Amino acid sequence: MARPQVDPAELAAGVRERNRAAVSRAITLVESSKVEHRVLARELLASLGSSTPSCIRVGISGVPGVGKSTFIEALGTHLTSQGHRVGVLAVDPSSVRTGGSVLGDKTRMARLAVDPDAFIRPSPAAGTLGGVARATAQAMAVLEAASYDVVLVETVGVGQSEVTVAGMVDTFLFLTLARTGDQLQGIKKGILEIADVIAVNKADGDREGEARSAARELAGALRLVHGKGEWAPPVVTCSGLTGTGVEDVWQRVLGHREHLTLDGLATKRAEQQLDFTWALVRDELDQRLRRSAGVARVRQEVRAAVLSGELAAPAAADLILAAYDER
Ligand code: GDP
C-alpha cells in the first residue's frame with residue numbers, strides 16, 4: 001500500500017501557524033475512516049497537543065428553518081469583530097443516511113465564509129453517527145490548535161445527534177420559535193434536559209411581541225422544572241436576521257460557563273472524554289459486527305428462522321454472537 005502523502009508533524013506545524021490549507025487538510029485527515037489515515041490522524045493530534053479550557057465550545061441546535069445558519073452568521077461575524085477566531089462545524093444526521101451534507105454549508109453563511117478569522121466546515125459526508133462524532137471531535141481539536149477560540153457545532157433538531165453534540169461542547173444552545181400555548185409540548189423533552197441556553201429566534205417585525213411572551217412563558221415553566229441552585233436555562237429572544245439580541249444570547253452562553261467555573265468545566269470535559277471513549281468503542285464494535293464474515297454466513301439463515309417463528313429472538317441473538325466470536 002502506498003504511504004499517503006501526509007507528514008503529521010509537518011501538518012501539525014502548519015495548523016499551529018494558522019495556515020488555512022493545513023487546517024483544511026488536517027480536518028480531511030481526521031474525517032477519514034481509512035485505517036492508515038486513522039493512525040496518521042492520531043499522530044497529528046498527538047503533535048497538536050491538548051486543548052485549553054479557554055476555547056469556548058458551543059453546540060447550536062433547532063429544527064430546520066429555525067434560523068441556525070442565519071444566527072451563526074450573525075453571531076460569528078459579531079465575535080470575529082470582537083477579535084475572536086471562530087470555527088464552525090456541523091453534525092448532520094441526514095448526511096449519515098444520504099451521504100449528502102447540508103449543515104455548515106458555506107453558501108448559507110456567505111459573510112462568515114469569507115471572514116479571515118472564521119473557518120466553516122460542512123458536516124462530514126458519510127459514516128455512522130459515531131464516526132461523524134469522532135470526526136467532529138477531532139476537527140474541534142484541530143481548530144483549537146489553530147487558535148480558533150470559539151467553536152460552534154451546529155446540528156439539526158433530531159434526537160440522537162443532539163445528545164451526541166451536547167456530549168462534545170461546554171454549552172448547548174437551543175434555538176426555537178414562538179409558539180405560545182404549546183411551548184413545552186412543541187419542544188421535545190430530551191432537549192430541555194440538555195439545553196443550557198434557549199433563544200426564541202425570529203423575534204423581529206410582527207413576531208417580536210409573540211416571541212417575548214413565548215420566552216417568558218417558557219422561562220417560567222423551566223424554573224418550575226429545575227431545582228434551587230441548579231442551572232435553569234435562561235430563555236431570551238433574538239433575531240439572527242437583524243442581529244437584535246444576538247449579543248445577549250452570547251452573554252448567556254458566557255454566563256453558563258461562569259456558572260460551571262473552571263474546575264467544573266475541566267470535570268465536564270473529562271467526563272465527556274470518558275463517555276466519548278465508550279461511544280467510540282460501541283461504534284467500532286457495531287462496525288465489526290457488520291463486517292464480520294461469521295455473522296454474514298449465518299445472517300440469512302437466522303433471518304428466515306426468526307421470521308418464520310422457528311427461532312426466538314434470544315436464541316437467534318446467541319447464534320449471531322457465537323458466529324461473531326468464532327473468528
Ligand atoms: P436553518 O435551517 O435553521 O439553518 O435556518 P436558516 O438560517 O436557513 O433560515 C431559514 C429561513 O428563515 C430563511 O428564509 C431565513 O431568511 C429565515 N430567517 C432566519 N433567521 C431569521 C430571523 O431572525 N428572522 C426572520 N424573520 N427570518 C429569519
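How many cavities of 30 Å³ or more does the count come to? One. The tour will reach it after a look at the whole chain. The model on screen is predicted.

**Stop 1: the whole chain**

Show the chain as a cartoon. There are 14 helices and seven strands. Now colour by accessibility. Of the 327 residues, 47% are buried. Switch to contacts between residues at least 6 apart in sequence: 75% of them join residues at least 24 apart.

**Stop 2: the largest nonpolar core**

Select V15, V23, L44, L48, V142 and L143. These residues have the most contacts inside the largest nonpolar core, a set of 36 residues. Next, select the elements that feed this core. At least two residues come from each of α1 (8-16), α2 (20-31), α3 (35-48), β2 (86-91), α7, β4 (150-156), α8 and α12. Highlight α7, which gives the most to the core, with eight residues. Colour by domain too. Domain 1 (1-49) and domain 2 (50-259) each provide at least three residues of this core.

Zoom in on V23. Which residues does V23 contact, leaving aside neighbours within four places in sequence? They are V15, F119, V142, L143 and A146. V15, V142 and L143 were also in the opening selection for this core.

Apart from this core lies another, of 28 residues. To find this second core, select A74, I120, L173 and L177, which are among its members.

**Stop 3: G76**

Select G76, in helix α4 (residues 68-81). Is G76 buried or exposed? G76 counts as buried because its relative accessibility is 0%, and the cut-off for buried is under 20%. Beyond neighbours within four places in sequence, G76 is in contact with V86 and L112. Now add D117 and draw a C-alpha to C-alpha distance. The line spans 9.4 Å, between residues 41 apart in sequence.

**Stop 4: the largest cavity**

Here is the cavity from the opening question. Rolling a probe the size of a water molecule over the atoms shows where empty space is left. The largest cavity holds about 40 Å³ of space. To see its walls, select E31, L89, A90, R121, P122, P124, A135, T136 and A139. Two elements give two or more residues to this lining: β2 and α7. Of these, α7 gives the most, with three residues. Colour the lining by class. Six residues are nonpolar, one is polar and two are charged.

**Stop 5: the second largest pocket**

Move on to the second largest pocket, with a volume of about 540 Å³. Centre the view on V163, T164, G167, D275 and A279. Of the 21 lining residues, these are the closest to the centre of the pocket. Then show α7 (129-145), α8 (160-166) and α12 (246-291), the elements that give two or more residues to the lining. Which element gives the most to the lining of this pocket? It is α12, with 10 residues. Colour by class again. This lining has nine nonpolar, six polar and six charged residues.

**Last view: α7**

Keep α7 selected and step back through the stops. This helix gives two or more residues to the lining of the second largest pocket. It gives the most to the lining of the largest cavity. It also gives the most to the largest nonpolar core.

Notes:
Residues are numbered from 1 along each chain as its sequence is written. This is a predicted model: local features need pLDDT of at least 70, side-chain atom pairs count only at pLDDT 80 or more; totals for chains, interfaces and linings use all residues. Side-chain values use heavy atoms; hydrogens and water are left out. On a 1 Å grid over the protein atoms alone, a cavity is a set of points where a 1.4 Å probe fits but cannot get out, and a pocket is an open set with protein on both sides within 12 Å along at least five of seven lines; lining residues have an atom within 4 Å of a point. Grid points are joined across faces, edges and corners, and a volume is the space filled by probe spheres set on the points. Helices (H or I, at least four residues) and strands (E, at least two) are DSSP runs, numbered from the N terminus. Ala, Val, Leu, Ile, Met, Phe, Trp, Tyr, Cys and Pro count as nonpolar, Asp, Glu, Lys and Arg as charged, and the others, Gly among them, as polar. A nonpolar core is a set of buried Ala, Val, Leu, Ile, Met, Phe, Trp, Tyr and Cys residues joined through side-chain atoms within 4.5 Å. Buried means under 20% relative accessible area, exposed over 50%, partly exposed in between (1.4 Å probe, protein chains only). Domain bounds come from an automatic or database domain assignment. Contact means heavy atoms within 4.5 Å.
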